[in-house]
Amino acid sequence: MEFLKVILRNKRNKIILGLLVVSYSMLLVLPFLQTLRTNPFVMESNLSSLDALRSILLFVLDSILTLTLTVWVFGILGVIFLKRRLTVLKRMLGMSVLFMTLLSTTLIAPIGAQENPERELPLAKKVFIITFDGTRADVFWEHATWIINHKNESTWAYRIVCEYPTVTYPNHESIATGAWPQIHGVEANSQWISTATSLLRKFRQPRMDDIFDIADTYGIMTALFLAPPVLLGIMGNSHTYKKAVSDSNDSMTSAINYIKAHATEIDSKGFLAMIHLVDSDTTGHAFGSNSLQYAAQIKKQADLVGDLYSTIIDLGWENDSIIIVTADHGFYGFKHLNVWPPLVADIPLWMWGKPIRKNFQLGGGRLVDITPTVAFILGIPTPSGSIGVPLLRALDEDFVKSIREDVNLSDLAIEKLSEGLFRTYLDILLWGFIDLSMLWSAFILVYSNLLLIKEVSRKSRELRIRTEKG
Ligand SMILES: [Zn+2]
């Protein structure tokens with residue numbers, strides 16, 4: 001209290017303190033307004049925006065981390081040197097310990113044990129998740145001709161958002177776990193492909209089960225057709241069929257061949273597969289996201305989705321199969337790493353199948369929402385640690401009622417969206433608090449150093465005048 005009185009005696013200090021209070025209040029209030037219940041389309045869109053804001057806060061943290069830590073060290077040394085008082089050091093050390101603890105909270109937050117309750121009746125027995133690597137929502141909706149032509153058979157979203165860091169491994173793991181990279185732990189591409197953007201982002205082994213592990217415990221066949229071998233290593237388990245593919249064409253051809261060769265077994269056990277189409281990313285890095293080549297590659301990959309669609313119809317599986325098409329991250333120019341997140345976060349979503357609504361647009365969504373959606377469709381639990389929201393409005397209400405009588409889909413959708421919005425708000429508070437506190441503490445340290453320098457020079461001038469007089 002004494003301390004506060006001393007500070008408030010100065011007019012400039014009053015202004016600084018006011019700005020500090022305003023900045024924290026804005027963090028508390030502004031995102032909260034987006035968590036309120038309104039119509040579900042707006043709630044879906046708000047959830048995407050809040051998740052993108054969360055990515056921005058992490059991006060800011062990574063960008064300021066090294067600089068702020070340096071300012072802390074020199075700032076604290078400066079204060080000690082100028083004031084020669086250990087109490088200041090103690091206070092500053094206490095503060096930095098607090099920040100570091102907060103930083104590590106989400107990293108070490110315990111993940112509960114996986115529970116395996118009895119399986120509910122599935123809405124579809126076969127689910128195919130297709131990822132277009134590095135594909136922007138706007139380019140996709142202009143050039144993915146086959147998908148655009150089949151929009152009226154599907155539920156789609158103009159944009160859903162990917163997670164931070166905006167690279168392949170963390171986001172594929174987020175698709176498979178329904179958790180933010182800061183929860184599942186895979187925060188960079190493998191150690192061999194250096195993509196760590198900051199001291200905090202590392203490639204780690206995932207700390208939780210994914211939807212392929214869980215599907216396996218319920219006797220569902222699982223398969224992964226992915227380009228990076230490291231991803232194959234961390235996803236699924238020893239029962240999962242894993243194929244390292246060389247390009248998009250190889251990926252889809254391998255998947256279709258596998259389906260045809262195992263059709264009887266898949267038909268009786270059910271199937272969950274991820275098919276990774278990598279060439280869109282390679283083309284983006286080579287020619288840029290404004291190039292004709294990039295657009296043409298996305299069009300080609302949409303045709304590959306058409307091949308799978310035809311295979312499903314040829315096999316007579318159209319009544320119990322679901323195809324989900326999305327991307328792992330967007331693109332900006334020739335890159336997608338270390339880019340202001342909103343420029344690379346927007347990716348497309350297209351969902352097709354008997355239980356899926358026809359010609360219906362969602363207001364938004366996130367990659368972490370895919371796994372909860374798949375779990376709901378297959379009737380199995382979500383991975384423990386998942387924070388995603390099932391995209392329930394994508395499902396045909398009458399169809400779901402015909403299989404699970406007691407489910408009120410519209411009410412459940414709103415309830416889940418509300419939970420997801422609030423969970424994301426809490427995470428925004430955490431990262432926003434850390435960002436603001438790091439910036440303000442660095443500012444205050446620089447400011448106190450300047451004030452102390454001023455005081456020291458005033459005192460030495462006084463001393464000089466006194467000695468001259470004496
Ligand atoms: Zn890439």
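This is a short group-meeting talk on a predicted model, covering its zinc site, its two domains and one buried residue.

Okay, ground rules. Residues are numbered from 1 along each chain as its sequence is written, and side-chain values use heavy atoms, with hydrogens and water left out. Since the model is predicted, local features need pLDDT of at least 70 and side-chain atom pairs count only at pLDDT 80 or more, while totals for chains, interfaces and linings use all residues.

Let's start with the zinc. Which protein atoms are its donors? D281 appears twice through OD atoms, and H285 and H336 each come in through NE2, lying 2.0 to 2.4 Å from the ion. Donors here are N, O and S atoms within 2.8 Å of the metal (3.2 Å for Na, K and Ca), and water is not among the atoms, so sites may look incomplete. Along the chain, the spacing reads D-x3-H-x50-H. The two histidines link distant parts of the chain: H285 sits in helix α13 (residues 279-287), and H336, 51 residues apart from it, is in the loop between β6 (321-327) and β7 (346-353). Helices (H or I, at least four residues) and strands (E, at least two) are DSSP runs, numbered from the N terminus.

How exposed are they? H285 is partly exposed because its relative accessible area is 35%, whereas H336 counts as buried, at 6%. The cut-offs: buried is under 20%, exposed over 50%, partly exposed in between, with a 1.4 Å probe and protein chains only.

Now the domains, whose bounds come from an automatic or database domain assignment. Domain 1 is 2-111 + 425-465, and domain 2 is 126-408. Their C-alpha centres lie 38 Å apart. At the interface, 26 residues of domain 1 are in contact (heavy atoms within 4.5 Å) with 32 residues of domain 2. The rule also finds three salt bridges across this interface; a salt bridge means a side-chain nitrogen of Lys or Arg within 4 Å of a carboxyl oxygen of Asp or Glu. On salt bridges, R201 forms one with D62, and the closest N and O atoms are 2.8 Å apart.

Last stop, V305. Where does V305 sit? In helix α14 (residues 292-314), and V305 counts as buried because its relative accessibility is 0%. Leaving aside neighbours within four places in sequence, V305 is in contact with I130, F132, W146, I147, M252, V325 and W350. Take M252: 53 residues from V305 in sequence, but 8.0 Å from it in space, C-alpha to C-alpha.

That's my tour, thanks.
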